[in-house]
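Open the model in your viewer and keep the selection panel at hand. We will go stop by stop.

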Amino acid sequence: MSPHLQVYRFRLSMFLSIANRIAGVAAAGGSALGLCWISAAAKGPKSFSKVQKVTGNPLGQMLMAGWALALVYHFVAGLRHLAWDSGYRFSKKEINEDGPVAVGVTVGTTLALVAGIVGVAICRSRKKAS
């Protein structure tokens with residue numbers, strides 16, 4: 001085992017840094033799936049209905065919510081890095097204070113985004129039914 005792992009205490013900022021990289025990979029993978037969804041819509045109603053079956057089941061919806069979480073977190077973390085690169089909030093104390101704020105902003109924004117999308121979907125399905 002590398003000796004530096006025993007020297008450092010694991011902190012929230014370390015976890016958020018690793019999570020930012022993982023969120024970037026997840027956001028890129030989700031974007032590829034989004035492109036497949038758009039290309040299916042361009043191909044026609046038959047292929048779009050196949051994709052709608054995937055996004056309409058609970059597992060597909062969880063994947064979409066995870067994609068939204070990854071996109072929002074990667075965006076928020078990117079804003080933190082932009083502030084740090086500009087010389088703001090870069091002391092150890094400020095970085096440790098801002099970590100929980102970034103997590104809260106990410107969770108709140110993602111919940112609002114997913115709730116908005118679900119609300120629009122429910123309104124559209126009610127319009128179709130009537």
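The tour of this predicted model runs from a nonpolar core to a surface patch and then to a single buried residue.

**Stop 1: the core.** Select Leu16, Ala19, Ala23, Ala27, Ala70, Tyr73 and Ala77. These seven residues form the largest nonpolar core. Now colour α2 (12-43) and α4 (58-85), the elements that each give two or more residues to this core. Which of them supplies the largest share? It is α2, with four residues.

**Stop 2: Ala70.** Stay in the core and pick Ala70. Leaving aside residues up to four places away in sequence, Ala70 touches Ala23, Ala26 and Ala27. Of these contacts, Ala23 and Ala27 are themselves listed in the core.

**Stop 3: the surface patch.** Select Phe10, Leu12, Phe15, Ile18, Ile22, Val103, Val107 and Leu111. Together they make a nonpolar surface patch of about 770 Å². Two or more patch residues come from α2, and likewise from α5 (92-129). The biggest contributor is α2, with four residues.

**Stop 4: Ile18.** Zoom in on Ile18, a patch member in helix α2. Is Ile18 buried or partly exposed? Its relative accessible area is 45%, so Ile18 is partly exposed: the value lies between the 20% and 50% cut-offs.

**Stop 5: Thr110.** Move to helix α5 and select Thr110. Why does Thr110 count as buried? Because its relative accessibility is 7%, and buried means under 20%. Show its neighbours next: Thr110 touches Ala65, Ala68, Leu69 and Val72, with residues up to four places away in sequence not counted.

Technical notes
Residues numbered from 1 in each chain as written. Predicted model: local features only at pLDDT ≥ 70, side-chain atom pairs only at ≥ 80, totals over all residues. Heavy atoms only, no water. Core = buried A, V, L, I, M, F, W, Y, C linked by side-chain atoms within 4.5 Å. Buried < 20%, exposed > 50% of the residue type's maximum accessible area, 1.4 Å probe, protein only. Contact = heavy atoms within 4.5 Å. Patch = residues over 30% accessible without salt bridge, like charges linked within 9 Å, V, L, I, M, F, W, Y side chains within 5 Å. Areas by Shrake-Rupley, 256 points an atom, 1.4 Å probe, with all protein chains shown as cover. Salt bridge = Lys/Arg side-chain N within 4 Å of Asp/Glu carboxyl O.
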